[in-house]
Amino acid sequence: MINILIPIDFSPKTKTAISSAFHLFGSENVKYTLVNTYYEPQAASGMLINIKDILHKDSLDGLKKEMEWIKETYPVQENNCSSISHYGDFRVSIDALVKKLNIDLVMMSTEPKTDWHHKFLNNHRGLISNHTYPVMIIPSDYKLSKKLSLAYASDLSPLSAHNEEQLEWIKNAFKSVCSKFHVATVQKQNKPHSDVEIEVRNELLNKLSEFKPVFNSLADDTISNAINKFIETENIDVLIMTARRHNLLDKLLNNSNTKEMALLCNIPLLVLPE
């Protein structure tokens, strides 16, 4: 059984997150929980109770409509879905629910190619690189194909036992939708792989062998340029990265150049904890 938490805000992108989750993980041995968080703005203390009550009612009404939409559009998923209205800061609420509900994956959608999207990536770096639970972000205008080309970006650091568990999770999660699987790393121009990196590369290819993975060594002066070119050239549908400090993901998220962060806006990004 896989437990998936889907934060929603009732905007059009909500349905992208829900539909994408259904597409990827199906209707067997899976549980989906929709969550809407609400938090009143700063106001005089005498007003807080009324505002909180109004926000709570709006949250419950919105969740009810989404559950009705699921029943009508995806009747096979009705019994797999539940909803929660949760009071509190978004990040704090998600962290708490992940622990309480034993969540395996947090899946959400954001508006691509907007200032807000970039602000989201900046403001929620802690969420998508939190090192404690997987997070998948789907651009709201992205349509997942029936079969997907996946890329696992690695810095070829030695694999821990937890990393090996993650590889098993990837195989189980995507085995029914994967058409092509890439393992990619970024190397500086003319710098050969070390013996340790070659060993890790071979180990990755072996553990993912049922996908018949293709190894790609990307040479470029910057990580973002290398991965952007790779995504475009190989028509990658989903980019998978591990949230390890000072690795590829950490360097990308700490890049303030909007243009160089474009890859995070164009395709789904799955971030696995270290």
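Let's start with a lysine and a ring. K15 lies over the face of W69, 5.0 Å from the ring centre. One note before I go on: this is a predicted model.

There is another case like that. Look at K52 and Y87. The charged end of K52 sits over the ring of Y87, at 4.0 Å from its centre.

Back to W69. Which residues share a cluster with W69 through ring pairs? They are F22, Y32 and Y74.

Now the ring pairs themselves. A pair of aromatic rings is described by two things: the distance of the centres and the angle of the planes. How many aromatic pairs are there here? The count is seven.

Take F22 and Y32, one of these pairs. Their centres are 4.8 Å apart, and their planes stand at 70 degrees. Planes over 60 degrees apart count as edge-to-face, so this pair is edge-to-face. Where do the two rings sit? F22 is in helix 1, residues 13-25. Y32 is in strand 2, residues 30-38. The two are ten residues apart, and the pair links distant parts of the chain. Buried or exposed? F22 has a relative accessible area of 6%, so it counts as buried. Y32 is at 0%, and Y32 is buried as well.

Next pair: F181 and F211. This one is stacked, with 5.1 Å from centre to centre and 15 degrees between the planes. F181 lies in strand 7, residues 178-187. F211 lies in the loop between helix 7 (195-207) and strand 8 (214-219). These parts are 30 residues apart in sequence, so the pair ties them together. F181 is buried, at 1% relative accessible area. F211 is at 11%. Buried means under 20%, so F211 counts as buried too.

On to helix 3. It covers residues 90-101, and S93 is one of its residues. S93 is buried, with a relative accessible area of 1%. What does S93 touch, leaving aside its neighbours within four places in sequence? The contacts are T37, H86, Y87 and G88. You met Y87 already, as the ring under K52. S93 can also be placed relative to Y38. They are 55 residues apart in sequence, yet C-alpha to C-alpha the distance is 9.4 Å.

Now check the length of helix 3. It has twelve residues. At 1.5 Å a residue, it should span 16 Å. Its end C-alpha atoms are 16 Å apart, so the two values agree.

Which residues of helix 3 are buried? S93, I94, L97 and V98. Seen down the helix axis, these buried residues fall within an arc of 135 degrees, so they line one face. Here is the general background. An α-helix has 3.6 residues a turn, so residues three or four places apart point the same way. What about the face turned away from the buried side? That face of helix 3 carries the exposed residues V92, K99 and K100.

Look at the two ends of helix 3. At the N-terminal end, D89 is the cap. A side-chain oxygen of D89 lies 3.2 Å from the backbone nitrogen of R91. Just after the helix comes N102.

N102 deserves a minute. It lies in the loop between helix 3 and strand 4 (105-110). Its phi is positive, about 55 degrees, although N102 is not a glycine. Most residues other than glycine have a negative phi. Buried or exposed? At 55% relative accessibility, N102 counts as exposed.

N102 also has a partner, N3. The backbone oxygen of N102 lies 3.3 Å from a polar atom of the N3 side chain. N3 is in strand 1, residues 2-7. N3 is buried, with a relative accessible area of 16%. Its contacts, leaving aside neighbours within four places in sequence, are K31, L101, N102, I103, D104 and L105.

Last stop: N235. What sign does its phi have? Positive, at about 55 degrees, and N235 is not a glycine. N235 is found in the loop between helix 8 (223-234) and strand 9 (238-243). Its relative accessibility is 57%, so N235 counts as exposed.

To recap: F22, Y32, W69 and Y74 form a cluster of linked rings. Helix 3 has its buried residues along one face. And N102 has a positive phi without being a glycine.

Conventions: Residues are numbered from 1 along each chain as its sequence is written. This is a predicted model: local features need pLDDT of at least 70, side-chain atom pairs count only at pLDDT 80 or more; totals for chains, interfaces and linings use all residues. Side-chain values use heavy atoms; hydrogens and water are left out. Rings of Phe, Tyr and Trp (its six-membered ring) pair if their centres lie within 6.5 Å; planes under 30 degrees apart count as stacked, over 60 as edge-to-face and the rest as tilted. Helices (H or I, at least four residues) and strands (E, at least two) are DSSP runs, numbered from the N terminus. Buried means under 20% relative accessible area, exposed over 50%, partly exposed in between (1.4 Å probe, protein chains only). A charge sits over a ring if NZ of Lys or CZ of Arg is within 6 Å of the ring centre and within 35 degrees of the ring normal. Contact means heavy atoms within 4.5 Å. The expected span of a helix is 1.5 Å times one less than its number of residues. The arc is that of the directions from the helix axis to the C-beta atoms. A polar contact is a pair of N or O atoms within 3.5 Å; within protein, one must be able to donate a hydrogen and the other to accept it, and residues adjacent in sequence count only if both atoms are side-chain atoms.
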